[in-house]
Amino acid sequence: MASKYMNSHPLYKDYISYWERCRDCYKGQDAIKLKGPEYLPYLSEQENQEYNSYKDRALFLNTFFRTVTGLVGGAMRKPPIISVPTSMEPYLEDIDMKGTHINDFIRNTLVELFITGRQSLVVDQHPSGRPYLTSYVAENFVNWHTDNMINRFAVFCEEVDIIKDKFEHETVEQYRAYSLEEDGVHVYLMQEFYDEETNTTSNVILEDNILTFRGMELDSIPV
């Protein structure tokens with residue numbers, strides 16, 4: 001049932017490799033060399049040992065990182081002017097409930113826009129009623145649809161760190177889908193499960209909630 005929410009947009013398939021190249025360029029020489037022949041092809045009749053030595057000697061001048069850093073620094077040279085009600089001012093100190101100041105959040109958003117040209121922000125609400133922002137990089141925003149300037153759905157792929165034992169970590173991939181439906185905006189949380197006994201894989205919806213604000217159903221996706 002949940003598999004339809006795990007599809008990707010045709011444009012996502014076209015651009016994902018481009019975004020990955022931009023990401024590698026921003027990370028620099030180590031990321032470039034890690035991909036080996038993808039960026040530095042073998043020379044004619046070159047053996048593995050010769051190629052590894054050839055790759056180790058190669059240099060990658062990271063002008064992309066320098067350009068992004070310079071542009072973001074120029075944009076943030078003066079602190080942004082942010083005007084909010086007095087009651088919301090404490091939220092600016094921790095805009096994502098992960099300890100990120102609003103200025104750092106804006107800076108991180110600019111970095112992503114310069115790297116891939118795409119960054120998604122989601123407005124969410126803690127059970128306590130406290131609003132906060134969540135950001136998704138281009139590679140994690142996998143599916144979307146807009147009709148007559150109205151966002152109909154948006155799907156994000158997330159990596160969740162699960163503590164299996166006291167000191168053991170396991171990274172699990174899950175999907176978060178926002179869908180505008182007749183009864184309001186649904187948010188679905190899904191994971192793929194593998195059954196070792198039957199050797200089968202199934203997609204399971206873990207959560208299906210309708211978003212509300214002050215007791216009223218939303219009429220638009222907060223993305």
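**Exercise 1. Two crossing helices**

Work out how helix α1 (residues 10-27) and helix α4 (residues 63-75) are packed against each other in this predicted model.

*Solution.*
Step 1. Two packed helices are described by the angle between their axes and the distance between the axes.
Step 2. For α1 and α4 the angle is about 85°, and the axes are 7 Å apart.
Step 3. Angles of 65 to 115 degrees count as roughly perpendicular, so α1 is roughly perpendicular to α4.
Step 4. Now look at who meets whom: α1 brings Cys22, Cys25 and Tyr26, while α4 brings Phe64, Phe65 and Val68.
Step 5. Sorted by class, this contact of α1 with α4 has 6 nonpolar residues, and no polar or charged ones.

**Exercise 2. Aromatic pairs around α1**

Classify the ring pair of tyrosine 15 and tyrosine 18, then do likewise for tyrosine 26 and phenylalanine 65.

*Solution.*
Step 1. A pair of aromatic rings is described by the distance of the centres and the angle of the planes. The structure holds 10 aromatic pairs.
Step 2. For tyrosine 15 and tyrosine 18, the centres are 6.1 Å apart and the planes are at 80°. Planes over 60 degrees apart count as edge-to-face, and that is the class of this pair.
Step 3. Place them on the chain: both tyrosine 15 and tyrosine 18 lie in helix α1, 3 residues apart, which is about one turn of the helix.
Step 4. Check their exposure. Tyrosine 15 has a relative accessible area of 42% and is partly exposed; tyrosine 18, at 37%, is partly exposed too.
Step 5. Turn to tyrosine 26 and phenylalanine 65, whose ring centres are 5.1 Å apart with planes at 50°, so this pair is tilted.
Step 6. Tyrosine 26 belongs to helix α1 and phenylalanine 65 to helix α4, so the pair ties together parts that are 39 residues apart in sequence. Phenylalanine 65 is partly exposed, with 37% relative accessibility.

**Exercise 3. An aromatic cluster and a charge**

Find the members of the aromatic cluster that includes Trp144, and say which arginine lies over the face of tryptophan 144.

*Solution.*
Step 1. The cluster is made of Tyr136, Phe141, Trp144, Phe156 and Tyr178.
Step 2. The residue over the face of tryptophan 144 is arginine 118, at 4.3 Å from the ring centre.

**Exercise 4. Alanine 58 in its loop**

Describe the surroundings of alanine 58, which is found in the loop between α3 (48-57) and α4.

*Solution.*
Step 1. Its relative accessible area is 22%. Buried means under 20%, so alanine 58 counts as partly exposed.
Step 2. Set aside the neighbours within four places in sequence, and alanine 58 is in contact with Gln29, Lys33 and Leu40.
Step 3. For a wider view, take leucine 189: it is 131 residues from alanine 58 in sequence and 44 Å from it in space, C-alpha to C-alpha.

**Exercise 5. Positive phi without glycine**

Locate glutamate 45 and methionine 149, and decide whether each is buried or exposed.

*Solution.*
Step 1. Glutamate 45 has a positive phi of about 60°, although it is not a glycine. Methionine 149, also a residue other than glycine, has a positive phi near 65°.
Step 2. Glutamate 45 is in the loop between α2 (29-34) and α3. Methionine 149 is in the loop between β3 (141-147) and β4 (150-163).
Step 3. The cut-off for exposed is over 50% relative accessible area. Glutamate 45, at 75%, is exposed, and methionine 149, at 81%, is exposed as well.

Conventions: Residues numbered from 1 in each chain as written. Predicted model: local features only at pLDDT ≥ 70, side-chain atom pairs only at ≥ 80, totals over all residues. Heavy atoms only, no water. Axes fitted to C-alpha atoms, helices over the stretch in contact; angles between N-to-C directions. Helix = DSSP H or I, 4+ residues; strand = E, 2+ residues; numbered from the N terminus. Parallel < 35°, antiparallel > 145°, perpendicular 65-115°, else oblique. Contact = heavy atoms within 4.5 Å. Nonpolar A, V, L, I, M, F, W, Y, C, P; charged D, E, K, R; others polar. Phe/Tyr/Trp six-rings, centres within 6.5 Å; stacked < 30°, edge-to-face > 60°. Buried < 20%, exposed > 50% of the residue type's maximum accessible area, 1.4 Å probe, protein only. Lys NZ or Arg CZ within 6 Å of the ring centre and 35° of its normal.
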